[in-house]
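Hi,

Here is the structure you were waiting for. Please open it first, then read my notes below.

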Amino acid sequence: MSVVTRLLKQVESDPGLHYRNPTVPHACSIPGGLNIGSKIFIHGMVPEHASEFSIALQRGADQEFADLHLHLVAKLGRSPMVVWNSRQGATWGVEEQLAGAFPFPAFPRAFLLVITAYVDSYEIEVNGSSNLSIKVRDGLPISAITHLAIQAELSIRAIHIPVENMPRNLRLSMGSGLKVGDQFSIKGQPTEDAKSFTINWQSGPAKFDDVLFQLNPRLEEGRVVRNSRLDEEMGKEESTQETPFSPGTPFDLVAGVRSLDFETRLDGKEWVTFGHRHDVGAAKTLFLEGDMQPSDICIDLAQLNPSGVLNGTNIKTRGVRLQQMCPEVPLTSRVTGGFEKGCLLLISGKVNINPSRMQMTVQCGEGSEESDIALRYLVQWEEDGSPKITLNSREEDNWGQEVKSRINEGLHPGLVFDLLVARTEEGFRCFLNGIEHILFPYRLEDPKPDHVTLCGDVEIQRLLLL
């Protein structure tokens, strides 16, 4: 197991704040700020034709006006380099170049950047090496840092900020607005004297911004209220007649955005839904407040357009043909209208610790033995945990020529993954964690396979076909 894989496996399970597939530019708050020894993990990839990107630790969300305590800029090209600087008020410091070889690998290899804060320095580590030390400048202490900001040409797979004591009141950026397929995991527990707490998916960080979905457990009243707010006017209240929350008792809440509503699961079981009353694309902030101590939050944004697969098509206007949140495996699901040209299939999940195989098929009909198969995506793991991927098709009981694919990143035991399959004029374009790794031709006479099956050693969080 590589150093990067080991670090990712650890930090993905550590309590704190986690983003998956955030859009860039991206600015997120650091819950509780930075302390001595605090770490920030950024898992990403430098796009093939990128010219530069920047990463900043700053005071405030707006990079134009914020004090920049640490401003890293990677300048790409024939002689790539990393420079750093700081800005206090409107005054920039002296720009310095980091010594040594350029630390970020070229496309399509991913990187894991780790920033560790100390009283007088920031320690920078890329892919388990390239240890660099940057001095904390006078007047810009780490204790004043509130936000992480990422600008320009960078593809971010995940951001992990371990937090031991999460603040109760949080305003967390959700990027450019919600869309179908986005999911949220919130773990925490009501305080011992809890009366009420609120979780909002809302338009901005202010207390009275528009709310697209409000989840308000009222423990004193013994019910959970759901509502929305537009132009400071609350909508019609919906509520349950009992509350599953208890003071001091931990809970695990998952919420997902569907085409018509928000769907929730509580402690692994289906819970309440809330129909969309307004455009969910207006929701850009996750707001938490009240008598609840959060411990772990994951904002998991659906990665639906790596490398411009849709050529500018608005994903938010595409119809949903299949969607399931946290389905049980194995599964067989019918695709409304068929998996035709222009459709996208996104499968997000986590590989088991000791996997043997995983198989996904796009097929005609429900049966496993007699159905024609347009695509069989088979993953088999070696004893050392390395995945081997083969693709094939079957028509009238005859298997076609098997195609093998090699990957540099992804599908490691114990780690999360995103598998995106786009059906185009050329066939099935397959992307793993945002990187295209194979094009498999469409071989069947039937133009519309109508079922997706999945089995094997994985846990699925999201199944979405647009």
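Of the 466 residues in the protein chain, 52% count as buried. Keep in mind that this is a predicted model.

Overall fold first. The protein chain has 38 strands and one helix. The C-alpha trace spans about 75 × 65 × 40 Å along its principal axes. The radius of gyration is 23 Å, and a compact globule of 466 residues would have one near 23 Å, so the two agree. Among contacts with a separation of 6 or more, 65% join residues 24 or more positions apart.

Now the surface and the charges. The protein chain exposes about 20,700 Å². Carbon and sulfur atoms supply 46% of that area. Negative side chains number 61 and positive ones 45. The centres of these two sets lie 1 Å apart.

One residue to look at is Ala 302. It sits in the loop between β25 (292–300) and β26 (322–325). Is Ala 302 buried or exposed? Its relative accessible area is 5%. Buried means under 20%, so Ala 302 is buried.

What does Ala 302 touch, leaving aside residues up to four places away in sequence? One run of partners is Lys 179, Val 180, Gly 181 and Asp 182. Leu 346 and Arg 462 are also touched by Ala 302. Leu 178 is worth a look too. Ala 302 and Leu 178 are 124 residues apart in sequence, yet their C-alpha atoms are 9.5 Å apart in space.

Best wishes

Terms used. Residues are numbered from 1 along each chain as its sequence is written. This is a predicted model: local features need pLDDT of at least 70, side-chain atom pairs count only at pLDDT 80 or more; totals for chains, interfaces and linings use all residues. Side-chain values use heavy atoms; hydrogens and water are left out. Helices (H or I, at least four residues) and strands (E, at least two) are DSSP runs, numbered from the N terminus. The radius of gyration is taken over C-alpha atoms; the globule rule is 2.2 Å times the number of residues to the power 0.38. Buried means under 20% relative accessible area, exposed over 50%, partly exposed in between (1.4 Å probe, protein chains only). Contact means heavy atoms within 4.5 Å. Accessible areas come from the Shrake-Rupley method with a 1.4 Å probe; for residues, only the protein chains shown count as cover. Lys and Arg count as positive and Asp and Glu as negative; His and the chain ends are not counted. The place of a charge is taken as NZ of Lys, CZ of Arg, CG of Asp or CD of Glu.
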